[in-house]
Amino acid sequence: MKAIVLDAHGGPQVLRHGELPEPVLKPDQVLVRVRACALNHLDLWVRGGIPGAHFPLPLVLGSDIAGEVVRVGELCTRVKPGMRVLLSPGLSCRQCAACVSGNDNLCRLYTLFGTGVNGGNAEFVSAPEYAVFPIPDQLAFEVAAAAPLVFLTAWHMLFGRAKLEPGEDVLVLAASSGVGMAAVQIARLFHCRVIATAGDEAKLAKALDLGADFVIDHYRQDISAEVKRITGKRGVDVVVEHVGAATWPKSMESLAAGGRVVTCGATTGYETALDLRYLFSKQQAVLGSYMGTLGELHRVLKFVFRGQLTPVVDKVFPISEIAEAHRYLETRKQFGKVVVVPWP
Ligand SMILES: [Zn+2]
């Protein structure tokens, strides 16, 4: 089968257009013909290499996958050939204490398509039956592929970690990112008041279209001063963080008493300061979040399949232009998801 193969870490030019053997199915696995695969910043990090992290090279990238089921293993009972599906990006052992408690994203063997096993930048991918979600007929593969990773991440941040309640005030940093785009919509769906930040006029307008009640230009305005103004000096209940060192102090300053900052990333730097006086006296919480559970993926996709949450697709590239797609995502010009579609 055709595949984009990562033999060694580096820039976009290391993505090799090659051939790999078609996956050999285990009895509990299904073979999916990939019709669309969304990019995530994770693809860029894995391609470039992450200090201290090991990836099994050669590797096929791509965590967000939608396609058609071609064949199923003999132990599969639910999934049938011909089904239009998307795949859970996360995979786990299904039998450890974390997994059977419903916390599969805490499994020691938890991994993702495109990081620990071959992902969707190929003609075919094999997946365990539990990871397969049939999609509605009217949902395009490009849109379906744009959903799982970011909507799952945002859902786990807001509900699994920050215990968001209807009506609370939420600050979403970088609404143009995949996680930001998802978090704005989810918070809005649960009748929260949403303040979103973005980096230019066009993105601010799109954030308002998505359902943000207020927007802040994070390059030209002081985030916490604006939050204080909008909330009458109170601050927000939840901050959705994934920017890191560049925004962390402003995120903490934006937080109300009893508020929670939840973070799933630190693209601008890992290290920051924390003034413990405010943390304890205002009874605030700092929460880490990574992906989400399979149960949460079922819950959030229900809203996507009903059309109540909409993955925003910024641009679709043919997979022949995979390096261009990586470069485009690196520029951060996009609003929402960048998707690649495989060979015709
Ligand atoms: Zn496990």
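Q: What makes Cys-93, Cys-96, Cys-99 and Cys-107 the protein donors of the zinc ion?
A: In this predicted model, the SG atoms of Cys-93, Cys-96, Cys-99 and Cys-107 lie 2.3 to 2.4 Å from the zinc ion. A sulfur atom counts as a donor if it is within 2.8 Å of the metal, and therefore these four SG atoms qualify as donors of the zinc ion.

Q: Why is the site of the zinc ion called tetrahedral?
A: The angles among the four donor atoms run from 105 to 114 degrees. Four donors count as tetrahedral if all angles lie between 85 and 135 degrees, so the site of the zinc ion receives that name.

Q: How are the donor residues of the zinc ion spaced in sequence, and what parts does the pair of Cys-96 and Cys-107 tie together?
A: The spacing of the donor residues follows the pattern C-x2-C-x2-C-x7-C. Cys-96 lies in the loop between strand 6 (90-91) and helix 2, whereas Cys-107 lies in the loop between helix 2 and strand 7, so the pair ties together parts that are 11 residues apart in sequence.

Q: Why is Cys-107 described as buried or exposed, and how does Cys-96 count?
A: Cys-107 has a relative accessibility of 7%, and because buried means under 20%, Cys-107 counts as buried. Cys-96 has a relative accessible area of 24%, which falls between the limits of 20% and 50%, so Cys-96 is partly exposed.

Q: Why is the pair of Tyr-110 and Tyr-290 called stacked or edge-to-face?
A: The structure holds seven aromatic pairs. In the pair of Tyr-110 and Tyr-290, the ring centres are 6.2 Å apart and the planes stand at 80 degrees. Rings pair if their centres lie within 6.5 Å, and planes over 60 degrees apart count as edge-to-face, so the pair of Tyr-110 and Tyr-290 is edge-to-face.

Q: What parts does the pair of Tyr-110 and Tyr-290 tie together, and how is each residue placed with respect to the surface?
A: Tyr-110 lies in the loop between helix 2 (97-100) and strand 7 (111-112), and Tyr-290 in the loop between strand 15 (285-288) and helix 10 (294-305), so the pair ties together parts that are 180 residues apart in sequence. Tyr-110, with a relative accessible area of 13%, is buried, whereas Tyr-290, with 48%, is partly exposed, because the limit for exposed is over 50%.

Q: What makes Phe-190 and Phe-303 an aromatic pair, and where do they lie?
A: The rings of Phe-190 and Phe-303 are 6.0 Å apart from centre to centre, with 75 degrees between the planes, and since the limits are within 6.5 Å for pairing and over 60 degrees for edge-to-face, the pair is edge-to-face. Phe-190 is in the loop between helix 5 (178-189) and strand 11 (193-198) and Phe-303 is in helix 10, 113 residues apart, and the pair links distant parts of the chain. Phe-190 is partly exposed at 23% relative accessible area, whereas Phe-303 counts as buried at 15%. Phe-190 and Phe-303 also belong to one aromatic cluster with Trp-155 and Phe-159.

Q: How do you know which charged ends sit over the rings of Phe-303 and Tyr-328?
A: The charged end of Arg-306 sits over the ring of Phe-303, 5.9 Å from its centre, and the charged end of Lys-315 sits over the ring of Tyr-328, 4.8 Å from its centre. The distance limit is within 6 Å of the ring centre, so both values satisfy that part of the rule.

Q: Why is the contact between Glu-68 and Arg-35 called a salt bridge?
A: The closest N and O atoms of Glu-68 and Arg-35 are 2.8 Å apart, and because the limit is within 4 Å, the contact counts as a salt bridge. Glu-68 lies in strand 4 and Arg-35 in strand 3, so the pair ties together parts that are 33 residues apart in sequence. By this rule the count comes to 15 salt bridges.

Q: What separates Arg-229 and Glu-226, and how does each count in accessibility?
A: Arg-229 and Glu-226 are three residues apart in helix 7 (residues 223-230), separated by about one helical turn, and their side chains meet in a salt bridge at 2.8 Å, N to O. Arg-229 counts as exposed at 57% relative accessibility, whereas Glu-226 counts as buried at 14%.

How values were computed:
Residues numbered from 1 in each chain as written. Predicted model: local features only at pLDDT ≥ 70, side-chain atom pairs only at ≥ 80, totals over all residues. Heavy atoms only, no water. Phe/Tyr/Trp six-rings, centres within 6.5 Å; stacked < 30°, edge-to-face > 60°. Helix = DSSP H or I, 4+ residues; strand = E, 2+ residues; numbered from the N terminus. Buried < 20%, exposed > 50% of the residue type's maximum accessible area, 1.4 Å probe, protein only. Lys NZ or Arg CZ within 6 Å of the ring centre and 35° of its normal. Donors = N, O, S within 2.8 Å, 3.2 Å for Na, K, Ca; no water. Tetrahedral: all angles 85-135°; square planar, octahedral: opposite > 155°, others 65-115°.
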